[in-house]
Amino acid sequence: MHFVMIGVSHKIAPLEVREKFFLRPIERELLLSQFKNETGIVEAFILSTCNRTEIYAHLLEDAPMPLIQSLFKIKNLVYSQNLAKYLYVKKNRDAVRHLFSVSTGLDSLIVGEKQILGQVKTATELARKDGMLGKQFNILTNLAIRLGKKARTETQIDAGGSSISWAAMKMAENLLGQLKDKSVLIIGAGKMGKLAANHFQQKGIGQIYVINRSQEKAEDLAKQYGGVAVGFWQVKDVLAQADVCICSANCAHYIIEKDLVEQVMRTRQGRKLLFIDISIPRNIHPSVAAAKNVCLLTIDDLDKVLEENLSRRRQAIQEVEMIIAKKMDEFYEKLAKRKTSEDFNLCEVVQREQ
């Protein structure tokens, strides 16, 4: 078994590089279809989040380069060392350990992040549906998911805030002070938007506005958290009132441009406006940061609020690492037993045929 993982993450690559490699669901399905037709790829699954894109594969030969080339091709990127230098390759035990670190949240931007476990589940379910999850990866991914649950129930790895949305709220609180008399515009009513609404409500935010492509979803989220659903055509008016805008729309293009923001700022009489873009790819144009009295933050800026949280989890990190070591042994023991069983069955078949 040649177990190989290639990837790019926040540990090595800046946001502008990560968003180049971000794989949308349709792109993940296309890649899995291509892998299914490759005789050298036995099993594979793909994980792509705001902080990482990783391809895990069981190969007949120790050859990660075809995986790298496939990633570049699906993203219409020309292979170059300037981009390839941000990719990492892990093999066999190192790859297994890395997956376990990911599923437990140890490798996340926010240590102990809860959302990553659901993303690992989604990745494995897609691979299973597309026929790319065989016996060995079934064992591996089941262990990874069970390990992620175990780490969170038996340790304090997710104590306190443990999501990108929490970090965004915390950053807003650090910059704006108490949020009780403030208002927030949340663009995007998906999981990140819901978490953001929950965190801001718990802090007693004065007003929550919600914009989403589906007005129905915007209304559902707004109703759940006592907010107001507005249409995108109202964004200029809402930004004129809001103190902070959290964007998690996950569109394929920028939806907030500098010209729009400059128009808004002319109506605010010098009041500052905080934008936090937690979308991948980014949905707020970087040039917005140049507008007067505007502060624009992205996911990569959120580490400024994490050190306090990390210090509370240092003991839990050691505990999780010990659990990972045990699960590593368990995985390879299961593989060895399976191989012994298959060899025994093969001998029985040969003997009967003789």
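Let's begin with an open sheet of six strands, arranged in the order 7-6-5-8-9-10 with parallel pairing. Strand 7 (228–229) and strand 10 (294–298) are the edge strands, and each has a single partner strand, so one side of each has no neighbour in the sheet. Strands here are DSSP runs of E with at least two residues, helices are runs of H or I with at least four, and both are numbered from the N terminus; two strands pair if DSSP finds at least two bridges between them.

This is a predicted model, in which local features need pLDDT of at least 70 and side-chain atom pairs count only at pLDDT 80 or more, while totals for chains, interfaces and linings use all residues. Residues are numbered from 1 along each chain as its sequence is written, and side-chain values use heavy atoms, with hydrogens and water left out.

Now look at strand 5 (residues 183–187), which runs parallel to strand 6 (residues 207–211) and is joined to that strand by five bridges. Within this pairing, Ile-186 stands opposite Val-210 in strand 6.

Next come the aromatic rings. A search of the whole structure finds seven aromatic pairs (rings of Phe, Tyr and Trp, the last by its six-membered ring, with centres within 6.5 Å; planes under 30 degrees apart are stacked, over 60 edge-to-face, the rest tilted). One of them is Phe-331 with Tyr-332, an edge-to-face pair at 5.0 Å centre to centre and 70° between the planes. Phe-331 is buried at 0% relative accessible area (buried is under 20%, exposed over 50%, partly exposed in between, with a 1.4 Å probe and protein chains only), whereas Tyr-332 is partly exposed at 25%. Elsewhere, Phe-3, Phe-45, Tyr-56 and Phe-137 make up one aromatic cluster.
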